[in-house]
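Here's a quick walk through one protein model, written for someone who would rather look at pockets and contacts than read a long preamble. Have the viewer open while you read.

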Amino acid sequence: MSDVAEQGLLQEWHNLSARHAAVFGTLECRLQERHGLGVTEFEALERLVNCVIGKCRAADLTEVVHLSQSATSRLVARLEREGLVQRALCESDRRGIFVVVTDEGRRRYEEAKPTHRAALEETLAEA
């Protein structure tokens, strides 16, 4: 790779990283101050609310929130303490755990969704 190509690649990476930080920071701030939710909590609730079967395997949630399995487990525990989700055993495989959004979780998600979308529209339009 030539020096010019390498510099272009690095510049593209830095621009992407800066854009992600700006969008994530705005989302985190607005969701937290207006709804008491972080970005990962919101993303988890969004996945659960939009799940076709009304529940999601805990392992599948890990892919959506881009956290490790242990960090996702802590996230689910926090959401469970707040009454936003419940854990349920898989009937066909007792080792499997499902996460189900509660009515309160659905309500908090619906309240936060316009804030999330407005912040995305604002920050992504700036770039």
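What follows goes from the overall fold to the strands, one helix, and then the pockets.

First, a caveat: this is a predicted model. The protein has 5 helices and 3 strands, and along the sequence they come in the order α-α-β-α-α-β-β-α. As for overall dimensions, the C-alpha atoms fill a box of roughly 55 × 35 × 25 Å along the principal axes. The radius of gyration is 18 Å, whereas a compact globule of 127 residues would sit near 14 Å. Buried residues account for 35% of the 127 residues. If you count the contacts with a separation of 6 or more, 52% of them link residues 24 or more positions apart.

**Strands**

Now for the sheet pairing, where β3 (residues 97-101) has two partners to look at. Strand β1 (residues 56-57) pairs with β3 in the antiparallel sense, over 2 bridges. Strand β2 (residues 85-89) also runs antiparallel to β3, and here 5 bridges do the joining. V99 is a handy residue to click on: in β3 it is the bridge partner of C56, and R87 stands opposite V99 as well.

**Helix α2**

Helix α2 covers residues 39-49 and is mostly tucked away, with 9 of its 11 residues buried. That buried set consists of V39, T40, E41, F42, A44, L45, E46, L48 and V49, so you'll find two glutamates, E41 and E46, on the list because they too fall under 20% relative accessible area.

T40, which lies in helix α2, is worth a closer look. Why does T40 count as buried? Its relative accessibility is 19%, and the label applies because the cut-off is under 20%. Apart from neighbours within four places in sequence, T40 is in contact with V65, L67, L75 and R78.

**Pockets**

Here is how the two pockets compare on paper.

| Pocket | Volume | Lining make-up |
|---|---|---|
| Largest pocket | about 210 Å³ | 5 nonpolar, 5 polar, 3 charged |
| Second largest pocket | about 150 Å³ | 5 nonpolar, 4 polar, 1 charged |

Let's take the largest pocket to begin with. It is lined by 13 residues, and those lying nearest its centre are A58, A59, Q69, S73 and I97. Which elements each supply at least two residues of this lining? They are α3 (58-65), α4 (69-81) and β3. Of these, α4 gives the most to the lining of the largest pocket, with 4 residues. So β3 turns up again here: the strand that pairs with β1 also supplies at least two lining residues to the largest pocket.

Next, the second largest pocket. Its lining is made of H20, F24, L27, V39, T40, E43, V64, V65, H66 and H116. The elements giving two or more residues to this lining are α1 (3-35), α2 and α3. Two names from the helix section come back at this point: V39 and T40 are among the buried residues of α2, and both line the second largest pocket. V65 is in that lining too, and V65 is one of the residues in contact with T40.

Terms used. Residues are numbered from 1 along each chain as its sequence is written. This is a predicted model: local features need pLDDT of at least 70, side-chain atom pairs count only at pLDDT 80 or more; totals for chains, interfaces and linings use all residues. Side-chain values use heavy atoms; hydrogens and water are left out. Buried means under 20% relative accessible area, exposed over 50%, partly exposed in between (1.4 Å probe, protein chains only). Two strands pair if DSSP finds at least two bridges between them. On a 1 Å grid over the protein atoms alone, a cavity is a set of points where a 1.4 Å probe fits but cannot get out, and a pocket is an open set with protein on both sides within 12 Å along at least five of seven lines; lining residues have an atom within 4 Å of a point. Grid points are joined across faces, edges and corners, and a volume is the space filled by probe spheres set on the points. Ala, Val, Leu, Ile, Met, Phe, Trp, Tyr, Cys and Pro count as nonpolar, Asp, Glu, Lys and Arg as charged, and the others, Gly among them, as polar. The radius of gyration is taken over C-alpha atoms; the globule rule is 2.2 Å times the number of residues to the power 0.38. Contact means heavy atoms within 4.5 Å.
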